[in-house]
Amino acid sequence: MEDVLDQQSQPLGQDGESEIVTEDAAFVHGEPPQDANGLPKVDSKVEVLHEKVTKQIIKEGHGPIPSKYSTCFLHYRAWTQSTRHKFEDTWDEQRPLEMILGKEKKEMTGLAIGVSSMKSGERALLHVGWELGYGKEGSFSFPNVPPLADISYEVELIGFDETKEGKARGDMTVEERIGAADRRKMDGNALFKEEKLEEAMQQYEMAIAYMGDDFMFQLFGKYRDMALAVKNPCHLNIAASLIKLKRYEEAIGQCSIVLAEDENNVKALFRRGKARAELGQTDAAREDFLKASKFAPEDKAIARELRLLAEHDKAVYQKQKEIYKGIFGPTPEPKPKRNNWLIVIWHWLLSLFYHVFRRERLKAD
């Protein structure tokens, strides 16, 4: 597929870099499991991490495990073991948790023990005793956890930063946060060039985690522009990967995040159009491609997608025409009316009688 060009005539590949990133990426970005309410069924070996913490691996990760004071980014869901009541879900909130190992909140001690044993990309089921959770008293605010509640966690470690000082995002200046996110994006680009695709995509996800909604709402002017110049390309690279993985609805969501900030972004319009076309949403896809073509009128990839849509519409029309033809059969030929000869002769006799009568009357006159 030919790359789409943006307004600056940069290749629509890996955004923010000169090298081209194709849409061949495989990406796992902390997507929730299909059953979003119940505990996952796991049959892997039970690892005893602590007297009160056990772990079962759901999906293997890669690379090293985090050390003390690493800044970890993770998604998790939590249930009370006795009632199976789910009391927290960061996937639903679309906001990964930032945890500095060794500086975690007291009620997350058991969760931190589990995370400290995990590799990037790993997903696991943890069982934590109440002593390392919300304790004897529980929590009557948010989240609502009863007293003496053992907890089950489904956790995915997106990735982590090895930082000796364990500096949290909230303690960073604006420049430090944007810089940390940009380094993650650059790390993702380097990994992608090495075809370490899953690792690269996790770096993009962590870059986005540095720039959550609460942070972006505080930015104006050049700082907001600086942040978007890092954040938007990460979303677009994620979208390209999701299209390749045929996860079209998620790709549309990633593109829509970018378009909420920049409604005329050619790359976002193009990739959302492709995802919509794959889902059969041809009218919406055509709308995206036509809008993109206004800002990149010479782009061959956009013209090609519009041509494919037109060919698709024509093929659908022809198919429907054949289907309806088969249902109702060929149009019947009009049959010639059969003449009733008795009526014809009768009309002829009446006409003859009329002429004879008229002639005799004229003679009499």
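Let's start inside a sheet: cysteine 72 stands opposite phenylalanine 160 in β7. Before going on, a word about what you're looking at: this is a predicted model, where local features need pLDDT of at least 70 and side-chain atom pairs count only at pLDDT 80 or more, while totals for chains, interfaces and linings use all residues. Residues are numbered from 1 along each chain as its sequence is written, and side-chain values use heavy atoms, with hydrogens and water left out.

Back to the strands. Names like β7 come from DSSP runs, numbered from the N terminus: helices are H or I runs of at least four residues, and strands are E runs of at least two. Two strands count as paired if DSSP finds at least two bridges between them. β3 (71–80) and β7 (151–161) are joined by 10 bridges and run antiparallel. On its other pairing, β7 meets β6 in the antiparallel sense over 6 bridges. You can pick out valine 128 standing opposite isoleucine 151 in β7, and arginine 123 has glutamate 156 as its bridge partner in β7.

Now follow β6 (123–128) to another neighbour. Strand β2 (residues 53–59) is joined to β6 by 6 bridges, and these two run antiparallel as well. Here arginine 123 turns up again, as the bridge partner of lysine 59. As background, side chains in a regular strand alternate between the two faces of the sheet.

How covered are these strands? For this we use relative accessible area: buried means under 20%, exposed means over 50%, and partly exposed is in between (1.4 Å probe, protein chains only). In β7, 11 of its 11 residues are buried, and in β6 it's 5 of 6. Cysteine 72, where we began, counts as buried because its relative accessibility is 0%. Cysteine 234 is also at 0% and so counts as buried. How many disulfides does a search of the whole structure find? The search finds 0, where a disulfide is a pair of cysteine sulfur atoms within 2.5 Å. In chemical terms, a disulfide is a covalent bond between the sulfur atoms of two cysteines.

Next, have a look at the loops, where the backbone does some less usual things. Most residues other than glycine have a negative phi, and most peptide bonds are trans. With that in mind, the peptide bond from phenylalanine 142 to proline 143 is cis, with omega near 0 degrees. Proline 143 sits in the loop between β6 and β7. Arginine 84 has a positive phi, near 60 degrees, and its place is in the loop between β3 and β4 (86–89). Since its relative accessibility is 55%, arginine 84 counts as exposed. Lysine 246 also has a positive phi, near 65 degrees, and is found in the loop between α6 (221–244) and α7 (248–261). At 62% relative accessibility, lysine 246 counts as exposed.

That brings us to helix α6 itself. Isoleucine 243 lies in this helix and is buried, because its relative accessible area is 9%. Isoleucine 243 is 35 residues from glutamate 278 in sequence, yet their C-alpha atoms are 8.9 Å apart in space. Lysine 231 is in α6 too, and with a relative accessible area of 9% it is buried. The C-alpha atoms of lysine 231 and lysine 185 are separated by 8.7 Å, although their positions lie 46 residues apart along the chain as a sequence separation.

Glutamate 278 leads on to a stretch with a record behind it. UniProt, in an unreviewed entry, lists residues 266–299 as "repeat: TPR" (positions are in the numbering used here, the feature name is shortened, and annotations may be inferred rather than shown by experiment). In the model, this stretch is 79% helix and 0% strand, and its end C-alpha atoms are 10 Å apart.
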